[in-house]
Amino acid sequence: MPTITFTQPDGSEQVLQVADGTTLMRAAVSNGVDGIVGECGGQAMCATCHVYVRPEYARSLPEITEDEDEMLDCTTAARTDASRLGCQVAVGPTLGAIVVDVPADQV
Amino acid sequence: MSSSTAKCPYSGTQAAGTAAAVPVPQPLRSPGGVSEAPVAHWLDVEGLAADPYAAYARLRAESPVAWVPKLNKFLVTSYGGCHGIEQDQETFSANVSGSTMNRAIGAQPMLRKDDPEHAIDRAPINPVLRPKSIKEAWAPVFARNAETYLDALEDKGPGHADLNTDYAAPLASKNLIDLLGLLDADVDQVRRWSHDFIAGMGNVLDDPGIWARCDASTADADALLAELIPFYRKNPDASLVSALANSGLPVEDVAANTKLAISGGLNEPQHMVTNMVWALSRHPAQREAVLADPALWAAAFDETVRWQSPIGMYPRQATRDTVLEGVAIPAGAGIGVVVASANRDQSWFGPGAEDFDIHRPKRPHLAFGAGVHLCAGHWAAKSAIGQIAVPKAYERFGSLRVDEQRAESWGGWVFRGLSSLPVTWN
Ligand code: HEM
Ligand code: FES
């Protein structure tokens, strides 16, 4: 099963094993990871599932769609080149493991 | 590092970073003892419309998941309970049986469907209602409309002006007509439709007069849509009806979802205009702060919608036997998700949860719902009301305030707001 590691601003880590096809947002919300809200349930309508993806995983990520790009302009913590919406990135065969940093602010 | 948050129409408006990450509310199902639901016999349902907040506080303290015989429903009043419901649409369905909403608008709108059916209706309207489209296509329209109705308010003068009747109501209607693309519809007509649909949705006692008015408005709106749908198929634009007309959805779904937006997109923005001015009038120091620093308008909007939530309660139905916050809920049970109460839950917002405080640490609230039914119009409302209608009113009348000489009037709990708010200025 793919693994997702969420790193909090204080350095603490949570490693989750989840089924193929699970998005970072859904994994975080169902497992009580602090700092990921996922207000719109994954429709790229709220930007409260913002994460920073560690650079070594960047090449395995899906392209940023126009909708995601637009919503990334509305994150509360500053957008960087590492920013993604957690609801638009799913783990699976092409992304077996990923490490992300959770921003300090989400709303 | 390309920090580009500045492009968002609503950025620069958040209170400066609060240190801690947002904690997640307690898990939904308590592993321990399951108990029968407490029954809130004491709850005076008729009395809620005058002011529900004391009753909500007692429910949260004594029985945050309570059976209310008079409503034939469970009422869920804690933040954790309401949030948990929104995270699990398989157990808590929006497709409630005997839905007066479906009867009122003649078909099943997205708000009464669960995914995946819900997503098919919802996907086409999201692009219209994301921040970029709101900012580029609609904010200039919202600004022009605000100026028009500020002129009307000014004509009434500081001794007679009513912020609801003279500004909030016609402005909310005109903004909605434009955003939806209801060409040629007039402000009073759409207000009447909205009112009649909402009355139908609340017509649990089957009053034939209410159904007659609702059916007449449905027929009027359907007649307009019968012209608009082919028109927008030939002449697409940035409006919501255009997006629905070109989505490939059957006409009946286009019409149902348009009527849903007419029902849900008018009263709440209208109430937010008056609620914000009412709240700021009662908190002069916060009013001074926001007038001195316009970046605080976003916080003022957000705090008002939390503190005086225009939608107080919405329905769900259990699809299976379940346990919510330790209380057994049987399959088929009706549930009222009382977000207006959740939004004042001290265990989530801290000891000052009952206070209006635009400087409070930011926390997610439930005034727009949460999960897949999260209000489709939430960016539109933040822009039209929080960034435009209310700031412009204070630009025009720097000393705008509630007129203590004349009576205001609040009402409702499922939907709550001011039906009259006399205002004055120097
Ligand atoms: C401050 C103003 C507003 C408030 C407080 C508000 C509140 C809400 C709430 C609480 C829900 C969820 C109801 C539920 O889950 O049962 C909702 C849904 C919805 N709202 Fe709003 N609303 C506002 C403005 C608007 C506007 C301006 C529009 C116009 C486009 C709109 C359109 C909708 C639609 C279409 C839904 C259904 C979404 C779905 O089922 O996926 N709302 N609103
Ligand atoms: S959950 Fe709303 S944008 Fe990802």
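In this predicted model, B:D178 has a relative accessible area of 17% and is therefore classed as buried, since the cut-off for that class is under 20%. The side chain of B:D178 meets that of B:K174 in a salt bridge, with N and O 3.0 Å apart. B:K174, in contrast to its buried partner, counts as partly exposed, at 26% relative accessibility. The two residues, B:D178 and B:K174, are four residues apart in helix α7 of chain B, which spans residues 163-180, and about one helical turn therefore separates them. An α-helix has 3.6 residues a turn, so residues three or four places apart point the same way.

Over all chains, the count of salt bridges comes to 24. Another of these pairs is formed by B:E288 and B:R287, whose closest N and O atoms are 3.5 Å apart. In this pair B:E288 is partly exposed, with a relative accessible area of 45%, whereas B:R287 is buried, with a relative accessible area of 13%. A further salt bridge joins B:D302 to B:K362, the closest N and O atoms being 3.2 Å apart. This pair links distant parts of the chain, for B:D302 belongs to helix α14 of chain B (residues 297-307) and B:K362 to the loop between α16 and α17 of chain B, and their positions lie 60 residues apart in the count along the chain. Both partners, B:D302 and B:K362, are buried. Salt bridges that share partners also join B:E147, B:D151, B:E154, B:K392 and B:R396 into one network.

The helix that holds B:D302 was also examined as a whole. Helix α14(B) is mostly covered, eleven of its eleven residues being buried. Among the buried residues of α14(B) are B:W297, B:F301 and B:W307, and also B:D302, B:E303 and B:R306. The cover over the buried residues of α14(B) includes α1 (53-62), α12, α13 (284-292), α16 and α17 of chain B.

Two further aspartates of chain B were considered with their surroundings. B:D403 is placed in the loop between β8 (401-402) and β9 (409-411) of chain B, and at 8% relative accessibility B:D403 counts as buried. The side chain of B:D403 reaches the backbone nitrogen of B:Q405 at 2.9 Å, and a polar contact of 3.0 Å is made between the side chains of B:D403 and B:R406. When neighbours within four places in sequence are left aside, B:D403 is in contact with B:P158, B:P422, B:V423 and B:T424.

The second aspartate, B:D196, is found in helix α8 of chain B, which covers residues 187-201, and B:D196 is likewise buried, with a relative accessible area of 7%. Although B:D196 and B:R213 are 17 residues apart in sequence, their C-alpha atoms are 6.2 Å apart in space. Leaving aside neighbours within four places in sequence, the contacts of B:D196 are with B:R213, B:C214 and B:S217. With B:S217 the contact includes a polar one, in which the two side chains are joined at 2.6 Å.

Ligand 1 contains an iron atom, whose only protein donor is the SG atom of B:C375, at 2.3 Å. B:C375 lies in the loop between α16 (346-349) and α17 (378-396) of chain B. There are 22 residues around ligand 1, and of these B:H118, B:R122, B:R316, B:H373 and B:C375 come nearest. Oxygen atoms of ligand 1 also have polar protein atoms at short listed distances. A polar side-chain atom of B:R316 lies 2.7 Å from an oxygen atom of the ligand, and an N or O atom in the side chain of B:H373 is 2.7 Å from an oxygen atom of ligand 1. In the case of B:V372 the polar atom belongs to the backbone, and its distance from an oxygen atom of ligand 1 is 3.5 Å.

The shell around ligand 1 draws on several elements of chain B, and α4 (117-122), α11 (251-264), α12 (267-282) and β4 (314-318) each supply at least two of its residues. The largest share, three residues, comes from α12(B). By class, the shell is made up of 13 nonpolar, six polar and three charged residues.

Conventions: Residues numbered from 1 in each chain as written. Chains lettered and ligands numbered in written order. Predicted model: local features only at pLDDT ≥ 70, side-chain atom pairs only at ≥ 80, totals over all residues. Heavy atoms only, no water. Donors = N, O, S within 2.8 Å, 3.2 Å for Na, K, Ca; no water. Near = heavy atom within 4 Å. Polar contact = N/O pair within 3.5 Å; in protein donor to acceptor, adjacent residues only side chain to side chain. Nonpolar A, V, L, I, M, F, W, Y, C, P; charged D, E, K, R; others polar. Salt bridge = Lys/Arg side-chain N within 4 Å of Asp/Glu carboxyl O. Buried < 20%, exposed > 50% of the residue type's maximum accessible area, 1.4 Å probe, protein only. Contact = heavy atoms within 4.5 Å.
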